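Thanks for sharing this one. Here are a few friendly notes to read alongside the structure.

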Amino acid sequence: MNVVVIGVDIGASTIKLGAFTTLGQLQYKWSIKTNVANNGESIASDIATSIKSQMRTSDKLLSIGVGVPGFVPAKSGVVHGAVNVGWKEYNLKARIERLLDVSVFVNNDANLAALGEYWQGAGQQSETLLLVTLGTGVGGGIIHRGEIINGPNGTGGEIGHVTIKPGGRLCACNRRGCLEEYIGTKGFANTLRDKLSEKRNVTTELEWDDSVESIVKAAKSGDHVALEIIEECTYYLALALANAVTLINPNKVLIGGGISAARDSLFQPLRKHFSRFALLETDPKTLIVPAKLGNEAGIYGAAKLALDRHSAEINHLRGE
Ligand SMILES: [Zn+2]
């Protein structure tokens, strides 16, 4: 008998799944499409069906951890505001538990990416860890002594919605000046749009588009507009990071997500701006580093959550 936990990471277009041993070894992984039709009504059953069909006959399923792109208040466990997959308020835990008859534990996807990096990625041995994921938007997670700082409303670690420019760009959360309007794929595109409207007198055509890869490539070849965009976007990220670091004093700040692949073109200006804002005498080169697990961080963290919470449940039943 091979006892496994399954880590699930729900994204707006893909759901990633991985089966792990109780010692934390990833045994096999797969992915399915996210069906957002009818307000994401079929997602829970799609996950259950896919787990049933992928599990090997020798496997015994212990528990499941799931990362969602929304807030998950600790007490209720009900997902709030996962609008990208169609859920305003949704009891995913209860639904999957009913379908598979095992314990299911749900948390925010960036929180779980942070937990994954703490467990087996670039955040190992960090007593306090901050992870920022730069994707379309900006996600964040804080781990302290192996525990997610979730908060009563589930918004702990949400650095993407930290205000870095009062009265600035309107965010999907209905407030203005949030970090994720200034960095990430969306933030880069916003900044490019604003730059171009400032420079209407520029006659030459841009030789690149607003994708992150394209901007980074143009910056590397010395394109002025692209360099200005990266300069400005990393300035705002550095401001948010320095404030977060002053507040929680983490051992490491990990940068994950698609954009982080830009490496030095991003990390160099980021660390430079960070030094201006940071209170502490920290070397930004050792403090701010790339995450390691790539787009698998979420399933690692979800599996870790499933393992930790399951043993906590068992201990509780034993009265320990
Ligand atoms: Zn916001």
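What arrangement do the four donor atoms around the zinc ion make?

1. Please keep in mind that this is a predicted model. In it, the four donor atoms subtend angles of 105 to 117 degrees at the zinc ion, which makes the arrangement tetrahedral. For comparison, the ideal angle for four tetrahedral donors is 109.5 degrees.

2. Now to the donors themselves. The zinc ion is held by one histidine nitrogen, ND1 of His161, and by the SG atoms of Cys171, Cys173 and Cys178. These atoms sit at 2.1 to 2.3 Å from the metal. If you want to find the site in the sequence, look for the spacing H-x9-C-x1-C-x4-C.

3. Two of these donors, histidine 161 and cysteine 171, lie 10 residues apart in the loop between strand E10 (147-148) and helix H5 (185-198). Their surroundings are worth a look: histidine 161 is partly exposed, because its relative accessible area is 21% and the buried class ends under 20%. Cysteine 171, with a relative accessible area of 4%, is buried.

4. Moving on to helix H5, you will find phenylalanine 188 there. Phenylalanine 188 counts as buried, at 0% relative accessibility. Beyond its neighbours within four places in sequence, phenylalanine 188 is in contact with Ile183, Val212, Ile215, Ile229, Cys233, Ile259 and Leu266.

5. One last distance, in case you are comparing phenylalanines: phenylalanine 188 and phenylalanine 274 are 86 residues apart in sequence, and their C-alpha atoms are 19 Å apart in space.

Technical notes
Residues are numbered from 1 along each chain as its sequence is written. This is a predicted model: local features need pLDDT of at least 70, side-chain atom pairs count only at pLDDT 80 or more; totals for chains, interfaces and linings use all residues. Side-chain values use heavy atoms; hydrogens and water are left out. Donors are N, O and S atoms within 2.8 Å of the metal (3.2 Å for Na, K and Ca); water is not among the atoms, so sites may look incomplete. Four donors count as tetrahedral if all angles lie between 85 and 135 degrees; four count as square planar and six as octahedral if opposite donors are over 155 degrees apart and all others between 65 and 115; anything else is irregular. Helices (H or I, at least four residues) and strands (E, at least two) are DSSP runs, numbered from the N terminus. Buried means under 20% relative accessible area, exposed over 50%, partly exposed in between (1.4 Å probe, protein chains only). Contact means heavy atoms within 4.5 Å.
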